Amino acid sequence: MILRPVLGDQCSHSLASLADLDPARDVVLMMEVEAECTYVPHHGQKIALILSAMRHFADELRARGVRVEYVQLDDPANSHSFRGEVARAASRLGAVGIVATHPGEWRVLEDMRGWEAATGLPVELREDTRFLCSLDEFRRWAGDRRQLRMEFFYREMRRRTGLLMDGTAPAGGAWSFDAENRRALPAGTAPPPSMRFVPDATTQAVLALVARRFGHHFGGLDGFNWPVTADEARLALGDFVARRLPRFGDFQDAMAEGEATLFHALLSTSLNCGLLLPGEICAAAEAAWRRGEAPLNAVEGFIRQILGWREYVRGLYWLRMPRYRDLNALDARRALPEFYWTADSGMRCVDAAVAQTRDLAYAHHIQRLMVTGNFALLAGLHPDAVNAWYLAVYADAYEWVELPNVHGMALHADGGVMASKPYAASGAYINRMSDHCRHCAHDVKAATGPRACPFNFLYWDFMARHAERFANNPRLAMPLATLRKMDPARVAAMRGEARAYLDRVAPEFPA
Ligand code: FAD
Ligand code: DLZ
C-alpha cells in the first residue's frame, strides 16, 4: 500500500501525487492537525475554509472509489503534527512507501524531509504541477540575472502559455495596460455584491468546531462566505467574469467606504487551496475578452495578477528561502501597533482595512499594500511582526505568497529583490484613490499639528531616514529632491511628530 498524504491546500483532483493512485491498493491520508491551525493564530475563517474544503474533498475522493484515511481535529489519537500523523497512519495501515506533492511552505518541506526517518519508508516528493511555471523553469529564468523583475517574467509567461497573444505579439499591441487602471471610484458607483454561499452541514460543523477551539483568535466567523468545493469555486469564477471582470481594470487600485470587495475577484482563497487552477481562471477571463464581454485593460490586468504576480512570487519564494525571511534591509525595529487588531487607530483608512479584515478575512490588494503595508513600511515595523500578522489574518495566506508580498513588496525588507522601489506614500495617495479621508478625524492636508495625518509626517520621516540609501534610486528621485528643498525646520518638526507618535503606538524592540 502506498500512502498518499494530501495537505489542506492541496484539494485538487489533478494533484501530481494522485495521478497514478491505484484505488485497489493505495490510501489517501488527510489530517486536521492543531499545529497547522496555530503556528500563527489564523483567522477562524481561514481555518474553517481549509477544514471544510478538506472534508468536502475527502468526500469527493471517496465518491470516486478512493480509500481515504481522514483524521479529524477532535480525534483523541491525533498527534497534531503532519509528521506524527504520517508515521501513525503508515504503521497502522502497513504502508510500503509514501508519495506526496511538494508543499507550499518551507516549514512544511522541512517537516516532510523528516518523514523517511519517522516512518522508515521511501518518500517520493512530486512537483506541484498546479502552477503554470515549475520551480526549475523559474530558476532557469532567474539564472544569474542581477535583477529579477516581474514584467519580464510575465512577458515570458505570456509567450510560453499563449495567453492573450496574437501570434508572437501581445494582444492589443502592448504587454500591459496598467496606465489605464488607476481610477478612483466615482461617487454613486455600486459594485455588484459578491455571490452568497450558504454553509452546508459540513461547513456548519466545522464553524462550530473552530468557534469552540479557536474562538480566541482574531476575526469573526459570522461573515464566512467562501467557496469550499470546486463546484462552488467555479460558480464564483463565473460570477466574477460576468459581473465584475469588465470593470476590474478601471477600479483595481480604488478604495471606498463601505465597499470591501469592489470589482475584485475574491478567488485567491479558492486558488490557493486548490479548488481552482490558475490556467482555468486565465482561460475564462481571456474567453470573455474574445467574446467581447470584457475590455482588454480589465482582462490583461487580471491575467497579469495570476500569470504574472502569483507565479512570480511563488518562484521567488522558493528561489530565495530560507534566508529571504531573515532579511531586514531597512533595519525596521518597531512593534506592531495594537490597532492592527482593534481597528481603533483613528485613521479611517487603516481602521476600515483592519475592521473588514476582522469581519471577512479579506482585504483587497491596495488596502494590503498601500494602507496597512504602507503604514508598516513608513513606521519601520519589524518584518517578523508584520509577516506574522498578514499570515494570520487573511483567508488566502500561505507563506509562499504572503512572504514575498509583505516582506518584499510592502516592507522592502529584501532590499529590492521583489520590487525596484519601496511603495511608500503619504496621505495624498490614499486621498486620491479613496473617499476615506473625507470621513477621517485627521486632516490629510496637514503634516504637523494635532490633526495631522500620520501618513504625512511618517512619509517624510521615512524619506529622511533612508535618504542616503535611496539616493541613487531613480524612482525616488522626485520625493528626495522635494525633501531637500523643504525648510529644515519643517522637516525637523515632522520628524519630531513622527518619533513621538511612533514611540507611543509602536515602541522599538530592544536592540
Ligand atoms: P484580485 O485583486 O481580484 O486579483 C486576482 C487574483 O490575482 C488573486 O485572486 C490572486 O490569486 C492573484 N494576485 C493578485 N495580486 C497578487 C500578488 N501580488 N501576489 C500573488 N497573487 C496575486 N495574496 C494571496 O493570495 N495570499 C496572501 O497571503 C497575500 N498577501 C498579500 C500581502 C500584501 C502586503 C500584499 C500587497 C498582497 C498580498 N496578496 C496575497 C496579493 C493580493 O493582495 C491578493 O491575492 C488579493 O487581494 C486577493 O483577492 P482577490 O482574489 O479579490 O484578488
Ligand atoms: C492552513 C491550514 C490549516 C489551518 N489547517 C490544516 C490542517 O489541519 N491540515 C492540513 O493538511 N493543512 C492545513 N492547513 C494548510 C497547511 O498549513 C498548508 O498545507 C501548508 O501551509 C503548506 O502550504
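## Helices around ligand 2

Which helices each supply at least two residues of the shell around ligand 2? They are α1 (34–38), α2 (44–63) and α4 (106–112). Within that shell, α2 provides the largest share, with four residues. Before going further, please keep in mind that this is a predicted model.

## The site of ligand 2

Let's look at the surroundings residue by residue. The shell of ligand 2 holds 18 residues, and the closest are G8, D9, M31, V33 and E36. Sorted by class, nine of the shell residues are nonpolar, three are polar and six are charged.

Several polar contacts can be picked out here. E36 brings an N or O atom of its side chain to 2.5 Å from an oxygen atom of ligand 2. At M31 the partner is a polar backbone atom, 2.7 Å from a nitrogen atom of the ligand. G104 also uses its backbone, with an N or O atom 3.4 Å from an oxygen atom of ligand 2. On its own, ligand 2 would expose 490 Å², and the protein buries 100% of that area. As for where this ligand is housed, ligand 2 sits in the largest cavity.

## The site of ligand 1

Now for the other ligand. Ligand 1 is surrounded by 28 residues, of which H264, A265, L266, N272 and Y362 come nearest. The class count for this shell is 17 nonpolar, seven polar and four charged residues.

Nitrogen atoms of ligand 1 take part in the polar contacts described here. One lies 2.9 Å from a polar side-chain atom of N405, and a backbone N or O atom of D396 is 3.0 Å from a nitrogen atom of the ligand. Q305 contributes through its side chain, where an N or O atom is 3.4 Å from a ligand nitrogen. Taken by itself, ligand 1 has 810 Å² of accessible area, and the protein covers 99% of it.

Which elements give two or more residues to this shell? They are α11 (268–273), α13 (296–320), α16 (365–379) and α18 (399–410). The biggest contribution comes from α18, which gives six residues.

## The chain as a whole

Stepping back from the ligands, the secondary structure of the protein chain amounts to 22 helices and seven strands. Along the principal axes, the C-alpha atoms fill a box of roughly 80 × 55 × 50 Å.

Why can the overall dimensions be said to agree with a compact globule? For 511 residues, such a globule would have a radius of gyration near 24 Å, and the protein chain has 23 Å, so the two agree.

## Backbone details between α13 and α14

If you like to check backbone geometry, the loop between α13 and α14 (339–342) is worth a look. P322 lies in this loop, and the peptide bond leading from M321 to P322 is cis, with omega near 5 degrees.

D331 is found in the loop between α13 and α14 as well. This residue has a positive phi of about 50 degrees, although D331 is not a glycine. The helix before the loop also belongs to the ligand story: α13 is among the elements that give two or more residues to the shell around ligand 1.

Notes. Residues are numbered from 1 along each chain as its sequence is written. Chains are lettered from A and ligands numbered from 1 in the order in which they are written. This is a predicted model: local features need pLDDT of at least 70, side-chain atom pairs count only at pLDDT 80 or more; totals for chains, interfaces and linings use all residues. Side-chain values use heavy atoms; hydrogens and water are left out. A residue is near a molecule or strand if one of its heavy atoms lies within 4 Å of it. A polar contact is a pair of N or O atoms within 3.5 Å; within protein, one must be able to donate a hydrogen and the other to accept it, and residues adjacent in sequence count only if both atoms are side-chain atoms. Accessible areas come from the Shrake-Rupley method with a 1.4 Å probe; for residues, only the protein chains shown count as cover. On a 1 Å grid over the protein atoms alone, a cavity is a set of points where a 1.4 Å probe fits but cannot get out, and a pocket is an open set with protein on both sides within 12 Å along at least five of seven lines; lining residues have an atom within 4 Å of a point. A molecule sits in a cavity or pocket if more than half of its atoms lie within 2 Å of its grid points. Ala, Val, Leu, Ile, Met, Phe, Trp, Tyr, Cys and Pro count as nonpolar, Asp, Glu, Lys and Arg as charged, and the others, Gly among them, as polar. The radius of gyration is taken over C-alpha atoms; the globule rule is 2.2 Å times the number of residues to the power 0.38.
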